[in-house]
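Good morning, and thank you for coming. I would ask you to look at the sequence and the structure together before we discuss the helix contacts and the salt bridges.

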Amino acid sequence: MLLTKCQRAFDTDYNKEVNYDELISEAEKCTDEAMKKELKKHAEEKLSEAKRKWLGNIRFLGELFKLKMLTEGIMFDCIERLLEQENDKQNFVFLCRLLTTIGKELDKPANQDKIKSLFERLEIIAEKVMVAYPFYRARANINYLFKLKKNNWMQIQRQCF
């Protein structure tokens, strides 16, 4: 039941879960500026809460993998699905959190080709993120992830967060 619930949570789009677009649309229709501001604030709070829950689910999945309750195949599938959603910059934060949690366990001789391919793709995507998004958190997470891998997954001093 726990694994099924985690999978459902992973399959759920955090934006749609809170109807963020609808909430913002309703706020835009409001003519009272104070009420419009309050509605937008409410929408942002709901979205922030959904992101926090999603990030927690990502970490939990990683911990389940470390306890051998999830397979490498499932984890590589999760990674692939996060990579496919390249236009959602928040996914870089989620992906980096997942890889930070499970990278050491995944990065072993049997998976070297997959890991090498993954980090090559991440490098390409990271360049796009660095240029296209003024999103400091995603950039910081990607930089930390590359440093972590280079340091054989041993924790290093983070510059931010």
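At what angle do the axes of helix α1 and helix α4 cross? Before I answer, please note that this is a predicted model. Helix α1 covers residues 2-11 and helix α4 covers residues 33-66; their axes come within 10 Å and cross at roughly 135 degrees. That angle makes α1 oblique to α4. The crossing of these two helices is left-handed.

Which residues make this contact? From α1 there are L2, L3, C6, A9 and F10, and from α4 there are W54, N57, I58, F60, L61 and L64. Sorted by class, the contact of α1 with α4 has 10 nonpolar residues, one polar residue and no charged residues.

Let me now turn to the other partner of α4. Helix α6 consists of residues 90-106, and its axis and that of α4 come within 9 Å, crossing at roughly 15 degrees. With angles under 35 degrees counted as roughly parallel, α4 and α6 are therefore roughly parallel to each other. The crossing of α4 and α6 is right-handed.

On the α4 side, the residues that meet α6 are K51, W54, L55, I58, R59, G62, E63, F65 and K66. Their counterparts in α6 are Q90, V93, F94, R97, L98, T101, I102, E105 and L106. By class, the contact of α4 with α6 has nine nonpolar, three polar and six charged residues. I would remind you that the contact of α1 with α4 has no charged residues. W54 and I58 of α4 are listed in the contact with α1, and W54 and I58 are also listed in the contact with α6.

I come next to the salt bridges. How many does the structure hold? There are eight salt bridges, and I shall discuss some of them.

The side chains of D11 and R81 meet in one salt bridge, at 2.2 Å from N to O. This pair links distant parts of the chain, since D11 lies in helix α1 and R81 in helix α5 (residues 72-84), 70 residues apart. D11 is partly exposed, with a relative accessible area of 41%, and R81 also counts as partly exposed, at 27%. In addition, D11, D77 and R81 are linked in a network of salt bridges.

A further salt bridge joins E28 and K40, whose closest N and O atoms are 2.7 Å apart. Here too the pair links distant parts of the chain: E28 is in helix α3 (residues 20-29) and K40 in helix α4, 12 residues apart. E28 is partly exposed at 42% relative accessible area, and K40 is partly exposed at 31%.

Finally, I would draw your attention to K36, which lies in helix α4. Is K36 buried or exposed? K36 counts as buried because its relative accessibility is 15%, and buried means under 20%. K36 nevertheless forms a salt bridge with E33, the closest N and O atoms being 3.9 Å apart. Being three residues apart in helix α4, K36 and E33 are separated by about one helical turn. E33, at 54% relative accessibility, counts as exposed.

What does K36 touch, leaving aside residues up to four places away in sequence? The residues are A27, E28 and C30. One of them, E28, is the residue that forms a salt bridge with K40. K36 and I24, 12 residues apart in sequence, are 9.1 Å apart in space, C-alpha to C-alpha.

Thank you; I would be glad to take questions.

How values were computed: Residues numbered from 1 in each chain as written. Predicted model: local features only at pLDDT ≥ 70, side-chain atom pairs only at ≥ 80, totals over all residues. Heavy atoms only, no water. Axes fitted to C-alpha atoms, helices over the stretch in contact; angles between N-to-C directions. Helix = DSSP H or I, 4+ residues; strand = E, 2+ residues; numbered from the N terminus. Parallel < 35°, antiparallel > 145°, perpendicular 65-115°, else oblique. Left-handed = near helix turned anticlockwise from the far one by under 90°. Contact = heavy atoms within 4.5 Å. Nonpolar A, V, L, I, M, F, W, Y, C, P; charged D, E, K, R; others polar. Buried < 20%, exposed > 50% of the residue type's maximum accessible area, 1.4 Å probe, protein only. Salt bridge = Lys/Arg side-chain N within 4 Å of Asp/Glu carboxyl O.
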